[in-house]
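Colleague: I've got this one open in the viewer and would like a close look at a single part. Could you take me through one residue in a loop and then work outwards from there?

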Amino acid sequence: MAKILIAVDHKWRDLAGHVYAGLLLEQLGHVVHYARNNLEKHHVPAIKPDLVMVNHLIPKKKQEFAKYLQRQNIRVVILPTEGMPTLDGMRKHMGGVDCDLSGVDLHFVWNQPMADILRENQTLAADKIVVAGVPRFDF
């Protein structure tokens, strides 16, 4: 049984899919907590999660936070929720061209082209990239 902290960016856009994922995880015996996006750092000391799920690591401070979590033996998972991967420049950024993804243990992506970008940039090992669909619609 793992303790999982899910960061929710936008309640109208993301909450339904994240709660559904949380319910599925709870059915597997995990304990799931939710936090407002960018407030995870305040919840981690109290919850002591085994895994934190975020929507991206675009700002440098989020990249550093992911590496901090790894040093604490907390796994980091990215589940993108915004439409940014549909924009060419953001696809490259989210694909690790200028974004440090070394703090990521698992990266869910919307589609195969996004997985291909991550693999081509060699920012993550291939076994850390999973095509999962769009969490807003594919649940």
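Modeller: Sure, and one cut-off first: buried means under 20% relative accessible area. Keep in mind that this is a predicted model. The residue I'd pick is N55, which sits in the loop between β3 and α3. Is N55 buried or exposed? Its relative accessibility is 2%, so N55 counts as buried.

What do the side chains around N55 do? One polar contact, of 3.0 Å, links the side chain of N55 to that of D9. Another, of 3.5 Å, links the side chains of N55 and T81. If you skip its neighbours within four places in sequence, the contacts of N55 are D9, R13, N37, K62, I78, L79, P80, T81, E82 and M94.

Now step back along the chain to β3 (51–54). V52 is one of the residues that touch the most other members of the largest nonpolar core, together with V44, L57, L69 and L101; that core has 25 residues. At least two residues of this core come from each of β1 (3–8), α2 (40–47), β3, α3, β4 (75–78) and α5. Its largest share, four residues, is supplied by α5. With neighbours within four places in sequence left aside, V52 is in contact with L5, E40, V44, L69, I74, R75, V76 and V77. A separate core of seven residues lies apart from that one, with A2, I4, I6 and V77 among them. As background, nonpolar side chains tend to be buried together in soluble globular proteins.

On the other side of the N55 loop comes α3, which covers residues 60–71. Two of its residues, F65 and Y68, are three residues apart, about one turn of the helix. The count of aromatic pairs comes to one. That pair is F65 and Y68: the ring centres are 6.1 Å apart and the planes are at 20 degrees, so the pair is stacked. Y68 is partly exposed, at 36% relative accessible area.

Two loops around here are worth a click for their backbone angles. Most residues other than glycine have a negative phi. K48, in the loop between α2 and β3, has a positive phi near 55 degrees. With 55% relative accessibility, K48 counts as exposed. Then there's N73, in the loop between α3 and β4, where phi is positive at about 65 degrees although N73 is not a glycine. N73 is exposed too, with a relative accessible area of 69%.

Since α5 came up, let's follow that helix. It spans residues 112–121, and M114, A115, I117 and L118 are buried in it. Those residues cover an arc of only 155 degrees around the axis, so they sit on the same side of α5. Among the elements that cover the buried residues of α5 are α4 (88–94), β5 (106–109) and β6 (129–131). At the N-terminal end, N111 acts as a cap, with a side-chain oxygen 2.9 Å from the backbone nitrogen of M114. Just after α5, Q122 has a positive phi of about 50 degrees.

From β6, V131 gives you a view of the α5 end. Apart from neighbours within four places in sequence, V131 is in contact with V109, W110, N111, Q112 and A115. V131 is partly exposed, with a relative accessible area of 41%. For a sense of scale, its C-alpha atom is separated by 25 Å from that of E64, with the two residues 67 apart along the chain.

Zooming all the way out, the protein has five helices and six strands, and the order from the N terminus is β-α-β-α-β-α-β-α-β-α-β. Its C-alpha trace spans about 35 × 35 × 25 Å along the principal axes. The radius of gyration is 14 Å, which agrees with the value near 14 Å for a compact globule of 139 residues. Buried residues, N55 being one of them, make up 42% of the 139 residues. Of the contacts with a separation of 6 or more, 64% are between residues 24 or more positions apart.

Note on methods:
Residues are numbered from 1 along each chain as its sequence is written. This is a predicted model: local features need pLDDT of at least 70, side-chain atom pairs count only at pLDDT 80 or more; totals for chains, interfaces and linings use all residues. Side-chain values use heavy atoms; hydrogens and water are left out. Rings of Phe, Tyr and Trp (its six-membered ring) pair if their centres lie within 6.5 Å; planes under 30 degrees apart count as stacked, over 60 as edge-to-face and the rest as tilted. Buried means under 20% relative accessible area, exposed over 50%, partly exposed in between (1.4 Å probe, protein chains only). The arc is that of the directions from the helix axis to the C-beta atoms. Contact means heavy atoms within 4.5 Å. A polar contact is a pair of N or O atoms within 3.5 Å; within protein, one must be able to donate a hydrogen and the other to accept it, and residues adjacent in sequence count only if both atoms are side-chain atoms. A nonpolar core is a set of buried Ala, Val, Leu, Ile, Met, Phe, Trp, Tyr and Cys residues joined through side-chain atoms within 4.5 Å. The radius of gyration is taken over C-alpha atoms; the globule rule is 2.2 Å times the number of residues to the power 0.38.
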